[in-house]
There are 2 protein chains.
Amino acid sequence: MSEIYTESLNRLIEEFGRLPGIGPKTAERLAFHILYAKTDEALAMAKAISDVKTKIKNCKICFNLSEEPVCKICSDNKRDKTIICVVEQPKDIINLEKTGSCRWLYHVLGGHIAPLEGIDADHLNITQLVSRVKEGGISEIVMATNPNLAGDGTALYLCSLLKNTGVKITRLARGLPTGSTIEFANAKILTDAITGRQQIE
Amino acid sequence: MSEIYTESLNRLIEEFGRLPGIGPKTAERLAFHILYAKTDEALAMAKAISDVKTKIKNCKICFNLSEEPVCKICSDNKRDKTIICVVEQPKDIINLEKTGSCRWLYHVLGGHIAPLEGIDADHLNITQLVSRVKEGGISEIVMATNPNLAGDGTALYLCSLLKNTGVKITRLARGLPTGSTIEFANAKILTDAITGRQQIE
């Protein structure tokens, strides 16, 4: 059957099929879309793919994605440079920034400590974080690692490294996710919500 | 928000978002997949896209997709070269070939006659079909245009052009689609099934 397609078309279907969530039928549909698209549109997509791989590096300060040596956030002078928010991955920065509530700097760890997966502290950008704090001028570190075992463990490890620097260390609040119902909240979430309850009047 | 992504990443998300059935969330997910994929894998995809646009042409005999001047089907010596199956688009050839029941040649019209959309006979590869038939050696033309108004109209027009050539003209059978139920077949399908009923014993 596959010999009916031309070689290039076969290869493109195969390449599309490697993308997450794209099955063989969708891959075929996408490949035909490219085949019938205007040449410059298709070539623009090819260029966009190679550009992403060749142009995007990590910011040398915070390890966020950047096409310059220093990322847009680190070089933004309107930000509060005394607060560093620690995240696991660049995507987390994007989600936090979408809230519009963050005017601080970031530090991307590049994952979490997971000894079973062979990822220990040396694989993460942890020494660089400690250096940034030790250089001075930082008043607060906000831990925004994932609220799960691996994320909490990583945050705990960072706390142990930073506790003698005199910098305030906070973490994002835990509690009921807005829009949810108490009926479906599990015991762990409810415990967080109860322990962290706040006065409203 | 979008200024948080780097320029290349933004552009890739935009390009993926142009593909059919890919929404903004999926486009973002695919772009991050590329970002974190191995460089050679990502560049292979970029090359596959540009190859499809630059290498694939139409077969000069039957107008099927091909990377050579003559496609694999037309240059296959094991096929019955006296039968030409007429289809609207190259994708139809692929579907027909998947059945494994076709050992004939094809002719791709490149669409159907649709005067309201401004597509008349001159826009299709019709004169080339008539030439192929007039060159001789053809015993049968199988009409495999779509079983709808536009496809039937196109087949009818082709019949009028070919009726004096002495070549047998057939069309794919109409009837109940295997696997369906009579309960949900509409009147047109049932009429076809009744008219075309075949002796089984």
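Biologist: By what turn and what shift along the axis can chain B be laid on chain A?

Modeller: First, the general idea: two copies of a chain are related by a rotation about an axis and a shift along it. In this predicted model, a turn of 179° and a shift of 0.0 Å along the axis lay chain B on chain A with an RMSD of 0.1 Å. The two copies are thus related as by a two-fold rotation axis. Copies are superposed by least squares on the C-alpha atoms of residues with pLDDT of at least 70 in both.

Biologist: Which residue of chain B comes closest to the rotation axis?

Modeller: That's B:Ala46, with its C-alpha at 2.1 Å. And the same surface serves both copies, since 100% of the contact residues of chain B recur in chain A.

Biologist: OK, before we go on, how do I read the labels?

Modeller: Residues are numbered from 1 along each chain as its sequence is written, while chains are lettered from A and ligands numbered from 1 in the order in which they are written. As this is a predicted model, local features need pLDDT of at least 70 and side-chain atom pairs count only at pLDDT 80 or more, but totals for chains, interfaces and linings use all residues.

Biologist: How many residues of chain B are in contact with chain A?

Modeller: 45 residues of chain B are in contact with 45 residues of chain A (two residues are in contact if their C-beta atoms, placed from the backbone, lie within 7 Å). On chain B's side, H3(B) gives the most, with 13 residues. Helices (H or I, at least four residues) and strands (E, at least two) are DSSP runs, numbered from the N terminus.

Biologist: And how do I read a pair of helices, say H3(A) and H2(B)?

Modeller: Two packed helices are described by the angle between their axes and the distance between the axes. Here the axes of H3(A), residues 39–55, and H2(B) come within 9 Å and cross at roughly 50°. Axes are lines fitted to C-alpha atoms, for helices over the stretch in contact, and angles run from 0 to 180 degrees between N-to-C directions. H3(A) and H2(B) are therefore oblique to each other (under 35 degrees counts as roughly parallel, over 145 as roughly antiparallel, 65 to 115 as roughly perpendicular and the rest as oblique).

Biologist: Which residues make that contact?

Modeller: From H3(A) come A:Ile49, A:Val52 and A:Lys53, and from H2(B) come B:Ala31, B:Ile34 and B:Leu35.

Biologist: How many helices and strands does chain A have?

Modeller: Chain A has 7 helices and 6 strands. Its C-alpha trace spans about 65 × 45 × 40 Å along the principal axes.
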